Amino acid sequence: MSENQTNKSEVREDYDSLIERMPEMEQEMGVRLESLSAVYNPERKALSIFCEVYPTKGQCLKNNISILAVIYDLKQRIIGKESYYLLESEFKRFNVCELSFFDLTPRKMAQISRIKVFPTQL
(Lines give C-alpha, C1' and ligand atoms only; values in the text may rest on other atoms or scores of the structure.)
Protein backbone atom coordinates (compact mmCIF):
# COMPACT_ATOMS: atom_id res chain seq x y z
CA MET A 1 0.00 0.00 0.00
CA SER A 2 1.40 3.40 -0.95
CA GLU A 3 1.76 6.31 1.48
CA ASN A 4 -1.08 8.18 -0.28
CA GLN A 5 -3.43 5.25 0.22
CA THR A 6 -2.48 5.08 3.89
CA ASN A 7 -3.04 8.83 4.35
CA LYS A 8 -6.43 8.69 2.63
CA SER A 9 -7.58 5.91 4.95
CA GLU A 10 -6.69 8.06 8.00
CA VAL A 11 -8.76 11.05 6.85
CA ARG A 12 -12.22 11.28 8.40
CA GLU A 13 -15.22 11.62 6.15
CA ASP A 14 -17.02 14.10 8.41
CA TYR A 15 -15.45 16.82 10.53
CA ASP A 16 -18.76 18.67 11.00
CA SER A 17 -19.65 16.26 13.80
CA LEU A 18 -16.66 17.54 15.82
CA ILE A 19 -17.97 21.12 15.91
CA GLU A 20 -19.26 22.39 19.25
CA ARG A 21 -21.10 25.69 19.60
CA MET A 22 -21.43 27.77 22.74
CA PRO A 23 -25.00 29.16 22.62
CA GLU A 24 -24.61 31.08 25.91
CA MET A 25 -21.71 33.08 24.42
CA GLU A 26 -23.65 33.65 21.19
CA GLN A 27 -26.54 35.04 23.24
CA GLU A 28 -24.23 37.22 25.32
CA MET A 29 -22.59 38.66 22.17
CA GLY A 30 -25.97 39.18 20.45
CA VAL A 31 -25.28 36.87 17.51
CA ARG A 32 -26.19 33.40 16.33
CA LEU A 33 -23.92 31.14 14.31
CA GLU A 34 -25.51 29.02 11.60
CA SER A 35 -24.51 26.65 8.80
CA LEU A 36 -21.29 25.58 10.52
CA SER A 37 -19.08 23.19 8.60
CA ALA A 38 -15.52 21.87 8.73
CA VAL A 39 -13.81 20.96 5.47
CA TYR A 40 -10.42 19.29 5.18
CA ASN A 41 -8.34 19.73 2.04
CA PRO A 42 -5.61 17.03 2.11
CA GLU A 43 -3.68 18.55 -0.83
CA ARG A 44 -3.32 21.87 1.02
CA LYS A 45 -3.14 20.17 4.45
CA ALA A 46 -5.73 22.72 5.58
CA LEU A 47 -8.86 22.54 7.70
CA SER A 48 -11.36 25.35 7.10
CA ILE A 49 -14.24 26.11 9.45
CA PHE A 50 -17.14 28.03 7.91
CA CYS A 51 -20.13 29.70 9.54
CA GLU A 52 -22.72 32.37 8.95
CA VAL A 53 -23.08 35.10 11.59
CA TYR A 54 -26.42 36.83 12.19
CA PRO A 55 -27.33 39.46 14.80
CA THR A 56 -30.04 38.25 17.18
CA LYS A 57 -31.82 41.63 17.01
CA GLY A 58 -31.94 43.99 14.05
CA GLN A 59 -29.42 44.01 11.24
CA CYS A 60 -26.29 45.26 13.01
CA LEU A 61 -23.87 44.02 15.63
CA LYS A 62 -24.05 45.62 19.06
CA ASN A 63 -20.23 45.40 19.48
CA ASN A 64 -17.07 44.53 17.58
CA ILE A 65 -16.64 40.78 17.92
CA SER A 66 -14.31 37.97 17.01
CA ILE A 67 -15.37 34.48 15.97
CA LEU A 68 -12.92 31.94 17.39
CA ALA A 69 -12.30 28.35 16.34
CA VAL A 70 -10.29 26.22 18.76
CA ILE A 71 -9.19 22.67 17.97
CA TYR A 72 -8.44 20.03 20.63
CA ASP A 73 -6.51 16.79 20.37
CA LEU A 74 -7.52 13.40 21.80
CA LYS A 75 -5.99 14.36 25.17
CA GLN A 76 -8.17 17.52 25.25
CA ARG A 77 -5.17 19.80 24.73
CA ILE A 78 -5.62 22.92 22.62
CA ILE A 79 -3.60 22.45 19.45
CA GLY A 80 -4.81 25.41 17.38
CA LYS A 81 -6.76 28.67 17.50
CA GLU A 82 -7.89 31.02 14.74
CA SER A 83 -9.91 34.25 14.82
CA TYR A 84 -12.13 36.13 12.39
CA TYR A 85 -12.88 39.77 13.25
CA LEU A 86 -16.25 41.43 12.64
CA LEU A 87 -16.48 45.19 13.09
CA GLU A 88 -19.76 46.74 14.18
CA SER A 89 -19.28 49.66 11.75
CA GLU A 90 -18.90 47.37 8.70
CA PHE A 91 -21.44 44.64 9.52
CA LYS A 92 -24.84 44.56 7.77
CA ARG A 93 -27.37 41.71 8.14
CA PHE A 94 -24.97 38.73 8.07
CA ASN A 95 -21.46 37.63 7.27
CA VAL A 96 -19.80 34.37 6.25
CA CYS A 97 -16.63 33.54 8.18
CA GLU A 98 -13.81 31.21 7.22
CA LEU A 99 -11.23 30.20 9.82
CA SER A 100 -8.40 28.07 8.44
CA PHE A 101 -5.74 25.91 10.06
CA PHE A 102 -2.70 24.92 7.98
CA ASP A 103 0.04 22.28 8.01
CA LEU A 104 -2.40 19.58 9.19
CA THR A 105 -1.33 16.24 7.82
CA PRO A 106 -3.87 13.39 7.78
CA ARG A 107 -2.09 11.97 10.82
CA LYS A 108 -2.55 15.26 12.72
CA MET A 109 -6.17 15.42 11.56
CA ALA A 110 -6.80 11.98 13.07
CA GLN A 111 -5.81 13.43 16.47
CA ILE A 112 -8.54 16.12 16.48
CA SER A 113 -11.28 15.30 18.99
CA ARG A 114 -13.38 18.47 18.85
CA ILE A 115 -13.63 21.95 17.39
CA LYS A 116 -15.19 24.76 19.44
CA VAL A 117 -16.58 27.75 17.54
CA PHE A 118 -17.80 30.77 19.48
CA PRO A 119 -17.96 34.59 19.49
CA THR A 120 -16.12 36.86 21.88
CA GLN A 121 -15.90 40.62 22.25
CA LEU A 122 -12.87 42.45 20.85
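This report describes the two open sheets of a predicted model, taking each sheet in turn and then its strand pairs.

## The four-stranded sheet

In the predicted model, four strands make up an open sheet whose order is β1-β7-β4-β5, and the pairing within this sheet is mixed. The edges are taken by β1 (19–21) and β5 (78–86), and because each of these has a single partner strand, one side of each is left without a neighbour in the sheet. From one strand to the next, the twist averages 20 degrees.

## Pairs made by β4

Strand β4 (residues 65–73) pairs with strand β7 (residues 112–121) in the antiparallel sense, and nine bridges join the two; within this pairing, Leu-68 lies opposite Phe-118 of β7. Strand β4 also runs antiparallel to β5, to which it is joined by eight bridges, and here Ile-65 has Leu-86 in β5 as its bridge partner.

The connection between β4 and β5 is a hairpin with four residues between the strands, and in its turn Gln-76 has a positive phi of about 65 degrees.

## The three-stranded sheet

A further open sheet is formed by three strands in the order β2-β3-β6, with antiparallel pairing. Its edge strands are β2 (31–41) and β6 (95–101), each of which pairs on one side only. On average, and with direction ignored, neighbouring strands of this sheet are turned by 20 degrees against each other.

Between β2 and strand β3 (residues 46–55) the antiparallel pairing extends over nine bridges, and the bridge partner of Ser-37 is Phe-50 in β3.

Conventions: Residues numbered from 1 in each chain as written. Predicted model: local features only at pLDDT ≥ 70, side-chain atom pairs only at ≥ 80, totals over all residues. Heavy atoms only, no water. Pairing = 2+ DSSP bridges. Axes fitted to C-alpha atoms, helices over the stretch in contact; angles between N-to-C directions.
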